[in-house]
Amino acid sequence: ADARTVLSWLAALGEDAAPEKMVLLGHSMGAYAVIHAAASAPQPKVSGVIAVSPVVSGSALLEARQAMGEAAISLLRDELPQAFEEWPTHGLADIAPRVSVPAAVIVGADDSITPPADAMTLAGWLPACVWRDVIPGEHHCPTGEAFSQSLDAALDRIAPG
């Protein structure tokens, strides 16, 4: 909802203030949000989507927490007790196929929150996925030269020139 609100706000700025074209980029849950926004509220100015270490579903996120051990589960129960009931109802399997703009998916090979297989499944759901990359040696928050090169490649394919 917040991503759609920002898109609506940008559209309301008018032609002189709003950017001509936008690529929506999100990391982790932010990637989930921008894919959702691009699918459910297409804007003519949105020319692409980049999902970095994307969460593909609430169930996958709960599985990642469970793999971290009981301490991670206890912390989640304390911080967001409703997550165990609410998160499994959320996912991108039915939403991602509605993204009509070029998309890219980037994930670290050592990501334990978003396993590369999940990220590549998402890439397969996106009808116009023009870039998918698994970066060796990177975790959930990729940084460094390899990530920078991957992001540049994604942007080149989404918004050439």
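This is a short walk through one chain, from its overall form to a few single residues.

The model is predicted. Start with the fold as a list of elements. The chain has seven helices and four strands. Read along the sequence, they come in the order α-β-α-β-α-α-α-β-α-β-α. The pattern thus opens with a helix and closes with a helix. Three helices in a row stand between the second and third strands of the pattern.

Next, the overall dimensions. Along its principal axes, the C-alpha trace spans about 50 × 35 × 25 Å. The radius of gyration is 16 Å. For 161 residues, a compact globule would have a value near 15 Å, so the chain agrees with that expectation. As for burial, 43% of the 161 residues count as buried.

Now turn to the surface. Val 6, Trp 9 and Leu 13 form a nonpolar patch there. Together the three residues have about 300 Å² of accessible area. Leu 13 sits in the loop between α1 (2-12) and β1 (22-27). Is Leu 13 buried or partly exposed? Its relative accessibility is 34%, so Leu 13 counts as partly exposed. A residue needs over 30% to join a patch, and Leu 13 has 34%.

Follow the chain past β1. The loop between β1 and α2 (29-40) holds Ser 28. Its backbone deserves a look. Most residues other than glycine have a negative phi. Ser 28 is not a glycine, yet its phi is positive, at about 60 degrees. Ser 28 has a relative accessible area of 12%, and therefore counts as buried, the limit being under 20%.

A second serine belongs beside it. Ser 53 also has a positive phi, about 50 degrees, without being a glycine. Where does Ser 53 lie? Its place is the loop between β2 (46-52) and α3 (58-68). Ser 53 has 0% relative accessibility, so it counts as buried. Both serines, then, lie in a loop that follows a strand and leads to a helix.

Last come the aromatic rings. A pair of such rings is described by the distance of the centres and the angle of the planes. How many aromatic pairs does the model have? The count comes to zero, with ring centres required to lie within 6.5 Å. One ring does have a charged partner. The charged end of Arg 77 sits over the ring of Phe 84. The distance from that charged end to the ring centre is 4.2 Å.

Conventions:
Residues are numbered from 1 along each chain as its sequence is written. This is a predicted model: local features need pLDDT of at least 70, side-chain atom pairs count only at pLDDT 80 or more; totals for chains, interfaces and linings use all residues. Side-chain values use heavy atoms; hydrogens and water are left out. Patches are made of residues with over 30% relative accessible area and no salt bridge: like charges are joined within 9 Å, nonpolar side chains (Val, Leu, Ile, Met, Phe, Trp, Tyr) within 5 Å. Accessible areas come from the Shrake-Rupley method with a 1.4 Å probe; for residues, only the protein chains shown count as cover. A salt bridge is a side-chain nitrogen of Lys or Arg within 4 Å of a carboxyl oxygen of Asp or Glu. Helices (H or I, at least four residues) and strands (E, at least two) are DSSP runs, numbered from the N terminus. Buried means under 20% relative accessible area, exposed over 50%, partly exposed in between (1.4 Å probe, protein chains only). Rings of Phe, Tyr and Trp (its six-membered ring) pair if their centres lie within 6.5 Å; planes under 30 degrees apart count as stacked, over 60 as edge-to-face and the rest as tilted. A charge sits over a ring if NZ of Lys or CZ of Arg is within 6 Å of the ring centre and within 35 degrees of the ring normal. The radius of gyration is taken over C-alpha atoms; the globule rule is 2.2 Å times the number of residues to the power 0.38.
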